[in-house]
Amino acid sequence: MNIIVFIKATIDRNAPLGPDETFPGDRDDKADVMTNNYDKHAIEAALQIVEKKGDGKVTAVCLGSDMADKVVKEAIAMGCHEAFRIENSEARVINFFSVAKILAAAIKKIGTYDLILFGMQSYDYGTATMAPMVSEFLDLPTASWVERISLNGDKINVEKVIEGGTRTIELQLPAVLSIASSGDFEEPRYTSVRRIMKASRTKVPVWEIDKLEAGALDTNVEFTKIEQPPARMEECVVFKDDDVPVLIDNLLSALKDKGLNLGAYK
Amino acid sequence: MTKLIVVIEIAKGKITGITKECLTVAKKLSEDLGVDIEGVMLGHGINDLAVNATKYGIKKIYKVDDAQFAGINILYHTRTLEELVKQFSPPTIIMAGASLYGQEIIPRLAARFNSAIFASVTSLVLEGDNLVGIHPLFEEKLLGTMSADKNQMNFVTILGGNNPEAEIDESLSGEVTDFAPVISERDKRETFVEEKIAKVSVDITKAKLIIAGGRGVGGKEKFGIIHETAKTLGGEVGASRAAVDADWVPYDHEIGQTGKTITPDFYIGCGISGAIQHLVGMRNSKTIIAVNTDEEAPMLDVAHYAIIADLHEVLPELIKKL
Ligand SMILES: Cc1cc2nc3c(=O)[nH]c(=O)nc-3n(C[C@H](O)[C@H](O)[C@H](O)COP(=O)(O)OP(=O)(O)OC[C@H]3O[C@@H](n4cnc5c(N)ncnc54)[C@H](O)[C@@H]3O)c2cc1C
């Protein structure tokens with residue numbers, strides 16, 4: 001069982017965001033760069049499948065600048081058997097259509113695979129388009145928001161989230177899945193300090209976009225502008241570090257000052 | 001002349017709310033382009049639904065009505081939509097709501113036509129020779145403007161919770177034509193097995209006050225305090241998907257991307273971290289209060305007030321004081 005997991009470098013949700021933030025790979029402060037949280041569920045799924053099967057290999061692939069090396073190393077520390085990065089310095093390619101083409105071309109170059117996994121979306125662009133687009137470019141079946149998986153010979157049974165419930169479908173392998181942040185893979189494993197230290201010493205292999213035969217990389221829908229939404233007027237007023245009755249009194253009087261009454265609906 | 005086609009999603013025997021939101025965007029666009037809205041509907045035994053859909057101002061519905069479409073199969077849907085779309089020459093706009101279905105089918109279909117998409121945009125309007133849409137980035141901390149030539153083939157998903165639902169107008173009617181399904185041997189690599197969908201009997205969207213509980217509540221019995229608080233304050237019970245999944249509270253109460261969108265006067269979120277899938281369903285509430293032990297919870301990004309304490313201490317005390 002060979003599984004390819006795509007991981008993305010994104011930025012810490014608490015890091016400051018410039019209005020012209022286009023690509024998280026090239027930040028001044030390396031500490032802001034981190035693995036897209038949703039991708040850890042995909043890594044968890046890949047590792048669980050291989051562990052359960054007792055054989056196989058998980059390969060993590062990241063398109064990013066050298067700042068993303070720490071993301072690749074984290075995948076190794078979590079237990080991925082192999083990992084590499086596709087060089088994308090200075091945010092050369094950012095539109096998701098071309099990214100999907102590059103990732104599909106990388107999969108073709110890897111050659112042998114049974115499953116291709118994605119996180120269900122990225123924190124930054126959040127288009128959730130990778131799994132469906134890459135699966136189409138490779139002519140493979142696909143399912144998004146997968147919570148549970150069971151293998152059945154050359155087929156895979158997946159249970160996926162739908163509005164108000166779940167749908168179960170069966171797909172012929174190889175297949176492309178996006179893994180939900182809920183369900184069987186909800187809690188990605190922690191890595192030990194020892195493993196992180198060991199992974200930090202690995203040299204990350206780097207592939208070049210130009211050698212991937214990804215085809216034309218222009219897009220017919222473009223991001224023309226990125227801006228901050230109108231700022232919200234007030235900051236959150238936080239009540240803490242006191243006895244609960246006091247906290248509640250403080251809340252109720254703050255509401256009263258604004259002319260708001262929680263007791264008005266009885 | 002531009003073809004403007006809306007993929008009409010059906011769930012639980014009804015046209016979904018997010019499709020109606022998409023129809024609102026399509027309506028404005030159709031007026032600006034001076035064209036009719038057309039629709040495509042895939043399913044089984046859907047004739048009445050198709051006739052009904054024309055009352056939303058859809059002039060022509062392509063109806064794919066076939067037993068093989070009784071359950072959703074993404075490969076079947078993609079192939080059949082591909083055949084339909086191939087009949088039209090650009091300019092063509094194919095839109096759907098950015099439901100979980102829309103977010104799977106539209107990117108896949110677009111890729112088949114070697115096209116990018118307006119992915120999860122809150123709006124889509126005509127600006128000169130371009131179509132322009134807004135896609136929220138970084139969980140809505142930034143807004144990206146997407147733009148494309150209006151004369152090409154354009155694929156679009158419209159994000160839920162940003163546009164009013166189109167209303168039915170009994171005086172309107174349109175044509176319903178059958179479109180034959182197309183399924184290739186390769187599409188049989190996907191097989192529909194089953195669907196489990198909760199029944200809905202309570203409507204929390206009209207409530208002025210919502211007390212919502214999440215995983216932090218800690219158990220089915222412990223969820224009683226959420227019910228009790230709602231009852232005392234005269235509100236309704238809301239929930240995160242984690243609480244619904246754990247079977248502490250029925251699906252009717254779920255708020256968010258796969259649940260309800262609410263805009264009450266007061267939303268009190270107790271033991272809910274504030275995942276974006278939850279926030280999209282409640283962030284437009286007038287006053288948002290978070291009760292959480294964790295000051296770092298993303299819920300505080302949208303909350304107006306927060307009490308950092310154990311909800312099981314806060315709620316009984318709140319009941320006493322009101
Ligand atoms: C495709 C898809 C669609 C989804 N759609 C939705 C949706 O529509 N709606 C939705 O809600 N989710 C949805 N989710 C799930 C979502 O991603 C989160 O997993 C979920 O919202 C988390 O629920 P939670 O906040 O209750 O739990 P958690 O994230 O686990 O948060 C629990 C919170 O409780 C706090 N807490 C713990 N103990 C206490 C205490 N004693 N007192 C006070 N606070 C405490 C913690 O600090 C924490 O912040 C969806 C997921 C997927 C994959």
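Is Lys27(B) buried, exposed or partly exposed, and at what relative accessibility? In this predicted model, Lys27(B) counts as partly exposed, at 44% relative accessibility. The side chain of Lys27(B) meets that of Glu31(B) in a salt bridge, with 3.3 Å from N to O. Both residues belong to helix H1 (residues 17–33) of chain B. They stand four residues apart, about one turn of the helix. Elsewhere, salt bridges with shared partners join eight-membered company into one network: Glu136(A), Arg79(B), Glu82(B), Glu83(B), Lys86(B), Arg108(B), Arg112(B) and Asp187(B). The count over all chains comes to 41 salt bridges.

Two further salt bridges cross between the chains. Arg241(B) pairs with Glu147(A), and the closest N and O atoms are 3.0 Å apart. This contact runs from helix H6 (residues 241–245) of chain B to strand S7 (residues 142–152) of chain A. Both partners are buried. Arg241(B) has a relative accessible area of 19%, and Glu147(A) is at 2%. Lys321(B) forms a salt bridge with Asp249(A), with 3.2 Å between the closest N and O atoms. Here the link goes from helix H9 (residues 311–321) of chain B to helix H6 (residues 244–257) of chain A. Lys321(B) is partly exposed, with a relative accessible area of 32%. Asp249(A) is also partly exposed, at 38%. Side chains of opposite charge can pair when their charged atoms come close.

Positive charge also gathers on the surface. Arg194(A), Arg195(A), Lys198(A) and Arg201(A) form a patch there. Arg201(A) sits in the loop between helix H5 (193–200) and strand S11 (206–207) of chain A. Its relative accessible area is 63%, so Arg201(A) counts as exposed.

Chain A has six helices and 13 strands. Its C-alpha atoms fill a box of roughly 65 × 45 × 40 Å along the principal axes. Of the 266 residues in chain A, 54% are buried. An open sheet of ten strands draws on both chains, with mixed pairing. The strand order is S11(A)-S5(A)-S4(A)-S1(A)-S6(A)-S10(A)-S7(A)-S8(A)-S9(A)-S13(B). S11 of chain A and strand S13 (190–197) of chain B stand at the edges. Each has a single partner strand, so one side of each is left without a neighbour in the sheet. Within the sheet, S7(A) pairs with strand S8 (residues 155–162) of chain A in the antiparallel sense, over six bridges. Val146(A) stands opposite Lys160(A) in S8(A).

Gly79(A) lies in the loop between helix H2 (69–78) and strand S5 (82–87) of chain A. Gly79(A) is buried, with a relative accessible area of 15%. In sequence, Gly79(A) and Ser181(A) are 102 residues apart. In space, their C-alpha atoms are 19 Å apart.

Helix H4 (residues 102–112) of chain B is largely enclosed by the rest of the structure, because eleven of its eleven residues are buried. Among these buried residues are Glu104(B), Arg108(B) and Arg112(B). Arg108(B) and Arg112(B) also belong to the salt-bridge network, as does Glu136(A) of the other chain. Nonpolar side chains are represented too, including Ile105(B), Ile106(B) and Leu109(B) among the buried residues of H4(B). Just after H4(B), Asn114(B) takes a positive phi of about 55°.

Backbone geometry is set out last. Most residues other than glycine have a negative phi, and most peptide bonds are trans. Glu139(B) has a positive phi near 50°. Glu139(B) lies in the loop between strand S9 (130–137) and strand S10 (142–149) of chain B. At 19% relative accessibility, Glu139(B) counts as buried. Asp247(B) is not a glycine either, and has a positive phi of about 70°. Asp247(B) is found in the loop between H6 and strand S16 (266–270) of chain B.

Two peptide bonds are described as cis. One runs from Leu173(A) to Pro174(A), with omega near -5°. Pro174(A) is placed in the loop between strand S9 (165–172) and strand S10 (175–179) of chain A. The other runs from Pro90(B) to Pro91(B), with omega near 0°. Pro91(B) is in the loop between helix H3 (74–86) and strand S6 (92–97) of chain B.

Terms used. Residues are numbered from 1 along each chain as its sequence is written. Chains are lettered from A and ligands numbered from 1 in the order in which they are written. This is a predicted model: local features need pLDDT of at least 70, side-chain atom pairs count only at pLDDT 80 or more; totals for chains, interfaces and linings use all residues. Side-chain values use heavy atoms; hydrogens and water are left out. Patches are made of residues with over 30% relative accessible area and no salt bridge: like charges are joined within 9 Å, nonpolar side chains (Val, Leu, Ile, Met, Phe, Trp, Tyr) within 5 Å. Accessible areas come from the Shrake-Rupley method with a 1.4 Å probe; for residues, only the protein chains shown count as cover. A salt bridge is a side-chain nitrogen of Lys or Arg within 4 Å of a carboxyl oxygen of Asp or Glu. Lys and Arg count as positive and Asp and Glu as negative; His and the chain ends are not counted. The place of a charge is taken as NZ of Lys, CZ of Arg, CG of Asp or CD of Glu. Helices (H or I, at least four residues) and strands (E, at least two) are DSSP runs, numbered from the N terminus. Buried means under 20% relative accessible area, exposed over 50%, partly exposed in between (1.4 Å probe, protein chains only). Two strands pair if DSSP finds at least two bridges between them.
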